[in-house]
Amino acid sequence: MTRRTSAAIPNGDVMPDLEALFHEVFPRGRGEIVATRAPGRVNLIGEHTDYNEGFVLPVAVDREVHVLAQRRPDDRVVVYSANFSRRATFELDALGLSARQSWINYPQGVADALQRAGHHLPGMNVILWGNVPLGAGMSSSAAVEIACMLAFRHLAGLLPDARADIILAQRAENSFVGVQTGIMDQFISRLGREGHALLLDCRSLDYWPIPMVLPDIELCVVHSGVPRGLASSEYNKRREECAEGVALLQAYLPHITALRDVSLGEFALVEHHLPDVIRRRCRHVISEDARVGAAAEALRRGDLKTLGVLFAQSHASMRDDYEITVAAVDTLVELARAHGARASRMTGGGFGGCTINLVPSMHVDAFEHAISLEYPALTGCTPVFYRCRAVDGAGLALVS
Ligand code: GLA
């Protein structure tokens with residue numbers, strides 16, 4: 001399997017010897033070293049449904065963040081980024097957002113969430129390395145949060161608790177980093193399963209692993225080369241529009257508390273009461289929720305044809321109703337379909353980022369070749385290809 005490295009990842013794609021590096025960076029450290037890993041993700045379908053308490057169908061993929069950590073005798077956390085070759089420090093009793101070294105805000109947010117939940121954290125030396133592409137919509141931040149969460153929890157002497165990890169990691173992102181994301185990314189990074197997608201109910205947090213029985217099909221992620229610039233402000237705006245939709249719909253459907261509660265049939269009866277933009281935002285979320293259920297069934301059956309139809313409907317809905325795609329990403333999806341992808345759509349938060357493509361193994365080389373020639377000519381952007389495997393969610397091991 002060949003991979004091209006994203007220019008966005010400093011220091012390349014191949015994991016350095018983190019244990020040797022740890023001893024080099026922290027030569028005076030003593031005691032047990034804990035090693036954790038947490039994967040990035042690609043969402044098969046179910047976009048912007050998680051914060052509407054609906055359904056998603058993500059896969060944890062073999063692009064991961066690794067953390068090595070050891071207690072230290074004071075209240076300080078020293079984090080060394082092996083990607084950036086930089087060190088940053090924070091004090092556990094004086095946490096605050098760093099504008100200069102934004103990568104440190106994720107470990108800080110995790111420490112903050114754990115402390116606010118009433119846990120006592122020790123000082124720690126930490127090394128962080130990852131090959132989840134940054135800003136691509138593959139959830140590098142959730143992978144950092146979950147890998148840190150497992151390591152910090154262990155060094156604090158807390159028992160494993162996957163549900164708490166997920167909720168607190170989301171809180172780190174929402175309350176500390178300040179992006180109002182849903183729960184999908186932290187969930188799949190923590191609980192993903194090898195060879196499976198997870199059908200996740202974002203209200204109850206119940207989940208069902210769905211085997212990816214698609215013989216001779218590869219999961220090809222293509223980065224559009226468009227950085228997700230507007231992503232957080234537009235993301236928060238979409239959330240507000242959905243909340244407005246719920247408030248307006250409650251006049252006609254008093255039982256609902258989230259868009260998740262509205263069926264397509266009910267929506268058809270009342271949608272004319274809504275202003276156009278809000279109507280289209282709601283239509284995306286409600287129809288996307290229905291597509292997730294249908295896609296999970298199709299995946300279970302290995303029904304690639306139906307998946308292709310559902311992916312196409314999802315992309316059109318994100319483009320026309322939710323308005324979160326950009327022209328280059330639309331072009332990338334069209335090219336993918338023309339060059340062998342049996343299913344293709346934008347994946348993740350939107351405004352740039354990646355597409356997810358189901359491509360017959362025998363066509364993958366030709367698919368990548370054709371897109372690397374035609375996509376830059378049409379858009380001026382450079383694609384980056386990631387052939388992905390569905391892997392297990394986060395894990396922990398002791399190094400010494
Ligand atoms: C981002 C968020 C997720 C989810 C997706 C859109 O990845 O972190 O919670 O809302 O966008 O589906």
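The expected span of a helix is 1.5 Å times one less than its number of residues, and helices here (H or I, at least four residues), like strands (E, at least two), are DSSP runs numbered from the N terminus. The model on screen is predicted, so local features are drawn from residues with pLDDT of at least 70 and side-chain atom pairs from pLDDT 80 or more, while totals for chains, interfaces and linings use all residues. Residues are numbered from 1 along each chain as its sequence is written, and side-chain values use heavy atoms, with hydrogens and water left out.

**First stop: helix H2**

Select residues 105-116, which form helix H2. At 1.5 Å a residue its twelve residues should span 16 Å, and the end C-alpha atoms are indeed 16 Å apart, which agrees. Nine of these twelve residues are buried, so H2 is largely enclosed by the rest of the structure; buried means under 20% relative accessible area, exposed over 50%, and partly exposed in between, with a 1.4 Å probe and protein chains only. To see them, colour Asn105, Pro107, Gln108, Gly109, Val110, Ala111, Asp112, Ala113 and Leu114, the buried residues of H2. They pack against strand E4 (76-81), strand E5 (86-91), strand E6 (123-130), H3 and helix H4 (162-177), where contact means heavy atoms within 4.5 Å. Just after H2, look at glycine 118, which takes a positive phi of about 95 degrees.

**Second stop: helix H3 and its meeting with H2**

Add residues 140-155, the 16 residues of helix H3, whose first and last C-alpha atoms lie 23 Å apart, close to the 22 Å expected at 1.5 Å a residue. Of those 16 residues 15 are buried, so H3 is largely enclosed by the rest of the structure. Just after H3 comes glycine 157, with a positive phi of about 75 degrees.

With both helices displayed, how do H2 and H3 pack? Their angle is about 50 degrees and their axes are 9 Å apart; axes are lines fitted to C-alpha atoms, for helices over the stretch in contact, and angles run from 0 to 180 degrees between N-to-C directions. H2 and H3 are therefore oblique to each other, since angles under 35 degrees count as roughly parallel, over 145 as roughly antiparallel, 65 to 115 as roughly perpendicular and the rest as oblique. H2 passes H3 in a right-handed crossing; a crossing is right-handed if the near helix is turned clockwise from the far one by less than a right angle, and left-handed if anticlockwise. At this meeting, Tyr106, Pro107, Val110, Ala111 and Leu114 of H2 face contacts from H3 that include Ser141, Val144, Cys148 and Phe152.

**Third stop: the nonpolar cores**

Now select Leu44, Leu57, Phe152, Leu307 and Leu358, which have the most contacts inside the largest nonpolar core, a set of 68 residues. H3 gives the most to this core, with ten residues. A nonpolar core is a set of buried Ala, Val, Leu, Ile, Met, Phe, Trp, Tyr and Cys residues joined through side-chain atoms within 4.5 Å. A second, separate core of 22 residues includes Val246, Leu249, Leu253 and Val329.

Centre on leucine 57, which, leaving out residues up to four places away in sequence, touches residues including Asn43, Leu44, Ala197, Ile210 and Leu299. Step from there to asparagine 43, which lies in strand E1 and is buried, with a relative accessible area of 0%. Beyond residues up to four places away in sequence, its contacts include Val56, Leu57, Met184 and Arg345.

**Fourth stop: two loops**

Between strand E1 (33-43) and strand E2 (55-56), find glutamate 53 in the loop. This residue has a positive phi of about 60 degrees although it is not a glycine, and at 29% relative accessibility it counts as partly exposed. Then move to leucine 205, in the loop between strand E7 (196-201) and strand E8 (207-211). Is leucine 205 buried or exposed? At 10% relative accessibility, leucine 205 counts as buried, and its phi is near 65 degrees, a positive value in a residue other than glycine.

**Last stop: helices H9 and H10**

Finish with helix H9 (residues 304-320) and helix H10 (residues 327-338), which pack at an angle of about 165 degrees with their axes 11 Å apart. That makes H9 roughly antiparallel to H10, and their crossing is left-handed. Ala312, His315 and Arg319 in H9 meet Val329, Asp330, Val333 and Arg337 in H10.
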